[in-house]
Amino acid sequence: MKRAFCLILAALLLCTPLTVSALSGVNERVVLGADLSEDQIAKIYEDFGVERGSMRELTVSNAEEHEVLGGLLDESAIGSASYSCVYMKLLSEGSGSRILRHNIDWCTEEMYGSALSTAGIEDVSIVVSAPFPVSGTCALVGIYKAYEDITGETLSREARELGVEQLLLTGKLAEEIGSSYDAAGIVDAVKALLQQTEGLSDEELASRIRAIASDYRVSFNDAQIQQLLELCRKLEGLSEQELREKAEEARQAAEKLKGWKEKFDAARGKWNTTRQRIGEFSRRLSEWGSGVKESWNSFAGHTSEFWNWCRGFFGDEPAPEETEPPAGTDRVAEVPPEGDGIIPVE
C-alpha cells in the first residue's frame, strides 16, 4: 500500500511542471499562415515577442481564407497562399482591445478594432504580422480562429462576414478621404445609431450619416452614403441584445477615436506654430548675421585706412615688395663703386 502511494505521489510530482507549463499560455494563441517557411516562422515569433512552444499554435490555410472571405473580397486579393499571422491574448473584461501590426500596409489598427467589435470580439491584445508587406485583410481569419479557440465560443457567420465587410468599407473610405482615423471614427459613429436606425427611413438615415461626416469635416458623395446606409441595414439583422452591445461599443470607440484625432490635430497645430516660429527666428538670425558682417567689413575698412594714414604721417611707409625677375633671365649684382669692376653672380 505504501509503495503504491509513493508511486502515485511521484507521478503527480512529475506531472506538475507539465501542467504549469500548459496553463502558462491558456489565454494566448499564435495563428500562423500555413505557407510560411521555418525561417519565416522564427521571424514571426520575434515580431510577437513570445517563445515558440509557450502557447498553443494554430495554422490558417489559404482554403480557410477563401471560405471566410470568398464573395466579400476579390479572389485575386485572397491569393493562393497564406502568410498573415496573429498573436492574441485575452484580457480581463473591460480592458478594451489593443492592436499592433507589422508588415501590414493597408489595414490599420483602427480598422481592425472597429471590425472586431462588429464580429463580437473585445478585450483582446493582438499583434498582426507577416514575413513581408501584405494588405492584412486575410489576418481577420486568423483572429477569428484564435478567439474561438481561446474562448470556446463560435462567432456567428453573419457577424464574421459583417466584420469583414466593415473592414473593407472602412479601408476604402480611408483611401478616398485620406484618413484612416476619420474613416474608422465615422463608421463607428454610424454604428452607434443602430438602436435608432430601424425607425428611420433611408432618407433620414442618409441625413444622419451626412451630419456625422460633417462633424469630421468630410463630405461624402451619394455612393459613399449608400455604402454606409447598407452596412447599417445589415447590422440591423443582428439580435436586439447584439444591437445594443454593438451600438454601445461603437459609441465608445467613436468617442475614443475622436479624442485621439483632436489630440493629434492639436499636436499638429502646435508643431506648425513652432515650425513657423523657428523659421522666423532663422530668418531674423540670418538678417542679423548679414548686418554684423557688413558692419565688421565697414569697421575693418576704416581701420585699415586709419592705420595706413598713421604710417604715412609718421614716415613709416611700407617697404616695397621684392619681385622675382622673369623666368630665364640672369640676375646681375649691383654696380659697385667706380674702379671695382663688375662681379658676376653665380
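Leu100 is out in the open: its relative accessible area is 54%, so it counts as exposed. You'll find Leu100 in strand E4, one of the 5 strands that the chain has alongside its 12 helices. Keep in mind that this is a predicted model. From Leu100 we'll move to the strands around it, then to a helix, a ring pair and a few loops.

**Leu100 and its surroundings**
- Setting aside residues up to four places away in sequence, Leu100 touches Glu109, Ile126, Val127 and Val128.
- Phe48 sits 52 residues away from Leu100 along the chain, yet their C-alpha atoms are separated by 9.6 Å.

**Strand E5 and its partners**
- Strand E5 covers residues 124–134, and 8 of its 11 residues are buried, so the rest of the structure largely encloses it.
- Strand E4 (residues 98–104) runs parallel to E5, with 6 bridges joining the two.
- To see one of these links, look at Arg98, whose bridge partner in E5 is Ser125.
- Strand E3 (residues 85–90) is also joined to E5 by 6 bridges, but here the two strands run antiparallel.
- For an example of that pairing, find Met88, whose bridge partner in E5 is Ile126.
- Which hand does the β-α-β unit made by E4, helix H5 and E5 have, left or right? It is left-handed, with H5 spanning residues 109–119.

**Helix H2: one side in, one side out**
- The buried residues Ile41, Ile44, Tyr45 and Phe48 belong to helix H2.
- Look down the axis of H2 and its buried residues fall within an arc of 100°, so they line one face of the helix.
- Turn to the face away from that buried side and you meet the exposed residues Asp39 and Glu46.
- What covers the buried residues of H2? The cover includes strands E1 (28–33), E2 (56–60), E3 and E5.
- Right after H2 comes Gly49, which has a positive phi, near 75°.

**A pair of aromatic rings**
- The whole structure holds 2 aromatic pairs.
- In one of them, the rings of Phe48 and Tyr87 have centres 6.0 Å apart and planes at 40°, so this pair is tilted.
- Phe48 belongs to helix H2 (residues 38–48) and Tyr87 to strand E3, so the pair ties together parts that lie 39 residues apart in sequence.
- Phe48 has 7% relative accessibility, so it counts as buried.
- Tyr87 comes in at 8% relative accessibility, so it is buried too.

**Trp106, a loop residue with plenty to touch**
- Trp106 sits in the loop between E4 and H5.
- Is Trp106 buried, partly exposed or exposed? Its relative accessible area is 24%, so it is partly exposed.
- Ignoring neighbours within four places in sequence, Trp106 is in contact with Met111, Val134, Ser135, Thr137, Leu167, Leu168, Gly171, Lys172 and Glu175.
- Take Leu168 from that list: it is 62 residues from Trp106 in sequence, and their C-alpha atoms are 10.0 Å apart in space.

**Two loop residues with a positive phi**
- Most residues other than glycine have a negative phi.
- Asp123 isn't a glycine, but its phi is positive, about 55°.
- Asp123 lies in the loop between H5 and E5, and its relative accessibility of 11% makes it buried.
- Arg217 isn't a glycine either, and it has a positive phi of about 60°.
- Look for Arg217 in the loop between helix H10 (202–215) and helix H11 (222–235).
- Buried or exposed, which is Arg217? At 81% relative accessibility, it counts as exposed.

**The whole chain**
- Of the 346 residues in the chain, 35% are buried.
- Among contacts in the chain with a separation of 6 or more, 76% link residues 24 or more positions apart.
- The accessible surface of the chain is about 21600 Å², and carbon and sulfur atoms make up 54% of that.

Terms used:
Residues numbered from 1 in each chain as written. Predicted model: local features only at pLDDT ≥ 70, side-chain atom pairs only at ≥ 80, totals over all residues. Heavy atoms only, no water. Buried < 20%, exposed > 50% of the residue type's maximum accessible area, 1.4 Å probe, protein only. Helix = DSSP H or I, 4+ residues; strand = E, 2+ residues; numbered from the N terminus. Pairing = 2+ DSSP bridges. Right-handed = clockwise from strand over helix to strand, strands pointing away. Contact = heavy atoms within 4.5 Å. Areas by Shrake-Rupley, 256 points an atom, 1.4 Å probe, with all protein chains shown as cover. Phe/Tyr/Trp six-rings, centres within 6.5 Å; stacked < 30°, edge-to-face > 60°. Arc of directions from axis to C-beta.
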